[in-house]
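Work through these exercises with the structure open beside you. Try each task before you read its solution.

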Amino acid sequence: MQSRIIIVGSRERTPAFQQAFSEHFQNVESFPISKHELSSIYLSELELKDIDGLIITSALAVESFQEKDLSKFPPFFCVGEKSTEAVTSLGGTVALTGQGSATDLAKDIVTTIGAGHFVHLAGSSAKIDWYSLIKNSGGSIKTQVCYEVSYKEKLLPAEIQSFRNLSKGTFVFLSEAALTTTQNLFINGNVDFSSATAVCLSEDISKHSKGWGQVLFANTPTKEDMISKVMQEISTSGSL
């Protein structure tokens with residue numbers, strides 16, 4: 001029998017992934033470890049003079065926009081097709097869509113347009129280490145927080161028991177924070193995950209994995225590619 005597949009991410013994001021995985025696998029569950037609270041962002045009130053572009057690393061940021069016509073604003077630079085679709089559905093112009101991480105997008109921006117000035121529209125816990133790529137090229141970047149993120153701080157007794165009974169299993173991580181938060185929760189809850197498999201949305205996320213029996217990552221950050229990666233592993237090894 002196929003082992004459990006557990007989708008780990010935000011309360012808002014895990015349902016769609018769980019549904020997609022359930023169309024191909026049995027025993028698919030979700031484990032939300034964070035939730036978001038959207039702010040009300042008026043782009044027209046931001047200081048966008050001399051700004052070359054707006055960077056979107058999560059489609060959630062777009063949900064915070066109060067304007068429903070983005071055609072009059074600077075071009076957007078997005079991570080992933082979902083972010084691009086969110087922007088274009090409101091009439092925004094997308095200059096570049098990155099298929100990897102925010103770091104990959106920053107590299108593409110520097111290569112494509114060189115030094116530029118940007119605003120990163122993101123969540124309160126968004127990574128910003130990649131800002132150095134923009135700044136080192138002679139450009140600038142600042143953050144506009146569009147939503148607050150809060151994370152699960154400890155496992156409930158029933159959750160601890162459930163995960164302790166999981167000798168093997170596949171955990172699908174939708175973000176770096178989902179991965180690192182889960183690792184800390186398991187360590188603090190004395191849950192052994194050394195025989196479990198971690199499937200990460202990107203290679204960058206996988207680099208933060210510790211203590212897993214096996215670590216896999218999608219070639220592009222999409223549901224389809226993560227599903228393909230799991231199917232490929234089952235086909236190769238016969239199980240997960």
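**Exercise 1. Describe the sheet: how many strands does it have, and in which order do they lie?**

Step 1. The sheet is open and has ten strands. Their order is 5-4-3-6-7-2-1-8-9-10, and the pairing is mixed.

Step 2. Find the edges. They are strand 5 (94–98) and strand 10 (214–217), each of which pairs on one side only.

Step 3. Look at the twist. Neighbouring strands are turned by 20° against each other on average, direction ignored.

Keep in mind that this is a predicted model.

**Exercise 2. Find the direction of pairing: which strand pairs are parallel or antiparallel?**

Step 1. Recall the background. Strands of a sheet pair through backbone hydrogen bonds, either parallel or antiparallel.

Step 2. Begin with strand 4 (residues 76–79). With strand 5, it pairs in the parallel sense over four bridges. Phe-76 has Val-94 in strand 5 as its bridge partner.

Step 3. Move to strand 6 and strand 7. Seven bridges link them, again in the parallel sense. Here His-117 stands opposite Ser-140 in strand 7.

Step 4. Now take strand 2 and strand 7. These run antiparallel and are joined by five bridges. Leu-38 stands opposite Tyr-147 in strand 7.

**Exercise 3. Place helix 7: which strands does it touch?**

Step 1. Helix 7 covers residues 176–188 and packs on the sheet. It touches strand 1 (5–10), strand 2 (28–38), strand 7 (140–151), strand 8 (170–173) and strand 9 (197–200).

Step 2. Compare directions. The direction of helix 7 makes about 115° with that of strand 2.

Step 3. Check the length. Helix 7 has 13 residues and reaches 18 Å from its first C-alpha to its last. That is close to the 18 Å expected at 1.5 Å a residue.

Step 4. List the buried residues. In helix 7 they are Glu-176, Ala-178, Leu-179, Thr-181, Thr-182, Gln-183, Leu-185 and Phe-186.

Step 5. See what comes after. Helix 7 is followed by Asn-190, whose phi is positive, near 55°.

**Exercise 4. Sort two residues, Thr-84 and Ser-125: which is buried, and which is partly exposed?**

Step 1. Know the cut-off. Buried means under 20% relative accessible area, exposed means over 50%, and partly exposed lies in between.

Step 2. Apply it to Thr-84, in helix 3 (residues 81–88). Its relative accessibility is 10%, so Thr-84 counts as buried.

Step 3. Find the contacts of Thr-84. Leaving aside neighbours within four places in sequence, they are Cys-78, Val-94 and Thr-97.

Step 4. Turn to Ser-125, in the loop between strand 6 (117–123) and helix 5 (131–136). Its relative accessible area is 37%, so Ser-125 is partly exposed.

Step 5. Find the contacts of Ser-125. With neighbours within four places in sequence left aside, they are Val-149 and Tyr-151. Ser-125 and Tyr-151 are 26 residues apart in sequence, and their C-alpha atoms are 9.9 Å apart in space.

**Exercise 5. Judge the whole chain: why is it called as compact as a globular protein of its length?**

Step 1. Count the elements. The chain has nine helices and ten strands.

Step 2. Compare the radius of gyration with the rule. The chain gives 19 Å, close to the 18 Å of the globule rule for 240 residues, so it is as compact as a globular protein of that length.

Step 3. Add the box. The C-alpha atoms fill roughly 55 × 35 × 35 Å along the principal axes.

Step 4. Check burial and surface. Of the 240 residues, 46% count as buried. The chain exposes about 11800 Å², and carbon and sulfur atoms supply 47% of it.

Conventions. Residues numbered from 1 in each chain as written. Predicted model: local features only at pLDDT ≥ 70, side-chain atom pairs only at ≥ 80, totals over all residues. Heavy atoms only, no water. Pairing = 2+ DSSP bridges. Helix = DSSP H or I, 4+ residues; strand = E, 2+ residues; numbered from the N terminus. Axes fitted to C-alpha atoms, helices over the stretch in contact; angles between N-to-C directions. Contact = heavy atoms within 4.5 Å. Rg over C-alpha atoms; globule rule 2.2 N^0.38 Å. Buried < 20%, exposed > 50% of the residue type's maximum accessible area, 1.4 Å probe, protein only. Areas by Shrake-Rupley, 256 points an atom, 1.4 Å probe, with all protein chains shown as cover. Expected span 1.5 Å × (residues − 1).
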